[in-house]
Structure formats: structure tokens, C-alpha cells
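I opened this entry to look up one buried-or-exposed question and then the pockets. My notes follow the order in which I looked.

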Amino acid sequence: MLPAVGRIVTPDGIVNGTLIVDGDRFEGVLEREGEPTGWVLPGFVDAHCHGGGGFSLANGDPDSAREAAGFHASRGTTTVVASLVSQTHEFLLDATKALAPLAAEGVIAGVHYEGPYISASKCGAHAKEVLRDPDLGELAELIAAGRLADGTTAVKMVTVAPELTGALEAIEYLDGQGIVPSIGHTDASYEETTAGIDAGAQAATHLFNAMRGFNHRDPGPIPALMNDERIFSEVIADPVHLHPGTMRFAFDLSLPAWTLLVSDAMDAAGLSDGHYILGRHEVEVKDGTATVAGTDVIAGSTITLLDAFRNAVRLAGQTVEAASQMASATPAELLGLREVGAIETGKYADAVVLDDDLNLVSVMRRGAWLQV
């Protein structure tokens, strides 16, 4: 499964050699002489994923979520967060209770609410009828619904539009609870975005997409997010969501340590064109592009994080090391996941093996090889 001598991407640089694994953990890297072939990367960490392989992470069904996580693991994403789209509070409560055991088991890394506390004018594929202002009581109930045996919660991240009434209080509350407040689906001004960051926001949900556009006299959220070292920026690295030049601009300005690749994948990832469901909307996939049926509104993606990684290298000119950091170490840091994201002694033995052309060869998760 491993090349005799591979280019292993570690926190200290590229090491030519092979992995040493003890059970489900890395014990180290063994340097070897010889011409290296292929790449060995830390397993990918997807902080924003709705589903894949025909299964949903967003519908509150734990069996479906398990299958979706398994699909993405077989494509190199060994750690995945279940991103839920805007729904009623009751739905989100039930979904959180259903998914929390999977977080405890390690099938998923936790839950991300991409709504409902977002702007109606920048809601994208989210159903407007369930959008609302942030509510601290709702958030407290959701966090409690995700409570695990160790006292932590499965709730990892919440997307908030900072211009909404009560948004700054919600951001401050989430930050105080150890949950990532992320600015996204927003029509905020530059000043409103800065206020959200000052209140404790730590991330940007799919930078550029579903945000007020940049204007030199009314800059909006994009430069406020990109210029602040307190913010980690998600980037959907596919040419449907972003022009390759925009990807390169984001990577070169924000830098890999503050940029994370996300798939934003929905159920159709890895499947053929057709009709699918995301939240409350029917989605049509044509030529790999997912849109709300009958509209041109983008409804997530059909890529995996492996696709995003390759696009970062092939379309946006990033090095393999830089793209690997954006796909693994940076999202792990944002989410506070200390046991994944790097090939390092003591961390989970999660690895992606690629050939010299970045084609998938094999995937290791928790020390076991998966079928790919």
C-alpha cells in the first residue's frame, strides 16, 4: 500500500521514506535511501461537508451519515464534519441528538450548522422560510443536545451573518463555549464584519461565495476577513465556485496556515448527474454542477477534498506541501482536533497515498487500509 520510498509530507517538511505505525497511531517516519515515488500525505480533514456517495450528512439520519463518511474516507477524507443546512430548531435538535453518537464513536468529527442564522439576501440554497436571527436559547439547547460523555459537545462550528440582530452576542457566546463562530452567507459591510471578528468570529464560511461582493468604495466582508490573522478562510477549490485566479489570490494572500480547503459536497459527490435533495430543496446536478432545481443557484458541490487538493495544485499553482496543509493541518487546527491533521508521532495513523500524478493509490484510517 505504501511505496518503498515515498515523499512523506510532515510538519517539518518532506521526508523520503516510509511510515511506522503502531496500532491506530503513527510511531514515526523511517527515512530510506533510494529514488522516491509518489506522495504520502496526512489524511484530509473536511470542515464543511453535506454528504457524498449518494448519502447525506445533513438529513439527521445516522445510518446515512455513516455511509457518507465512509465514502469520503475512501477518497482520502479521514476526518469529516457533518454540515447541516438551515432548518427548524426542532429539526436541528433531533439531528444533533442523532449524530452525536457518531461523533463519540469517531465516525464524524462533529456538527456544523451552516444556518439558519444567515442573510436572506445571501442564503444561496438555504430555505428562506426557516431563516431567523440568532437566538442564545436555541444555541444553548443545540450545544446541550450534542453533549458527549466526556463533557464536550459534538457542535463544532456555527455560521452566522454578523449584520443580523443578536449576531454579535451569539458570536461572543459561541466563542466562549469553545465553538467556532464562522462568518458567512452574509451581506455585511466591512465594519459589520470587523465587529463580528472582534466579537470572536474565527472563520469565514466558503470565502467569496454567498457574500457581498467587493467594491472599492464599499469593500464588504471579503477584505475584512482576508486581512485579519484571527480568521481562517474556507475555500471551495473547484472552478464552479471560484475562478482559478481567485483561488490563487486567496491562497497567496491568506497563506496556507490560515486557509482551509473544504468540499461543501452534497449527496451527489462521486455520482453521476441527476436529481438529489439538500435540506428543503430539490437539487439538479448537470455536468457535475449542483443547482437548486429550476434555478442557477449553486447548491453545494460534487467534489471531494481530494479533488479540491488537486485543484489547488493544478489550477491554482500551489505546492503539494501547501495544498496538503490546507487540506489537513489547518482545518484540524481550526476545529481543535489535536489527534489528526499531520503525520506525526502519537497522532492517529491517517494517511493518503498518491502517485506522482496525484492519483489516489490507497488510504489509511486509524492504522487500517481502506478499500478505495
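**S86 and the pockets**

I looked up S86 first: its relative accessibility is 1%, so I put it down as buried, the cut-off being under 20%. The model is predicted, and I read every value below as computed from it.

I then placed S86 in the chain and found it in the loop between β8 and α2. I checked what its side chain meets, and there is a polar contact with the side chain of H126 at 2.8 Å. I listed the contacts of S86 beyond its neighbours within four places in sequence: G115, P116, I118, H126, V130 and L131. H126 therefore appears in my notes both as a polar partner of the S86 side chain and in the contact list of S86, by the contact cut-off of 4.5 Å.

Next I turned to the pockets. The largest has a volume of about 520 Å³. I counted 25 residues in its lining, and those closest to its centre are A103, G106, A109, L337 and E339. I asked which elements give two or more residues to this lining, and they are β8 (77-84) and α2 (89-105). By class, I have 12 nonpolar, six polar and seven charged residues in the lining of the largest pocket.

For the second largest pocket I noted a volume of about 310 Å³. Its lining holds 22 residues, with G124, A125, H185, A210 and I298 closest to the centre. I sorted this second lining as well and got 10 nonpolar, nine polar and three charged residues.

Key. Residues are numbered from 1 along each chain as its sequence is written. This is a predicted model: local features need pLDDT of at least 70, side-chain atom pairs count only at pLDDT 80 or more; totals for chains, interfaces and linings use all residues. Side-chain values use heavy atoms; hydrogens and water are left out. On a 1 Å grid over the protein atoms alone, a cavity is a set of points where a 1.4 Å probe fits but cannot get out, and a pocket is an open set with protein on both sides within 12 Å along at least five of seven lines; lining residues have an atom within 4 Å of a point. Grid points are joined across faces, edges and corners, and a volume is the space filled by probe spheres set on the points. Helices (H or I, at least four residues) and strands (E, at least two) are DSSP runs, numbered from the N terminus. Ala, Val, Leu, Ile, Met, Phe, Trp, Tyr, Cys and Pro count as nonpolar, Asp, Glu, Lys and Arg as charged, and the others, Gly among them, as polar. Buried means under 20% relative accessible area, exposed over 50%, partly exposed in between (1.4 Å probe, protein chains only). A polar contact is a pair of N or O atoms within 3.5 Å; within protein, one must be able to donate a hydrogen and the other to accept it, and residues adjacent in sequence count only if both atoms are side-chain atoms.
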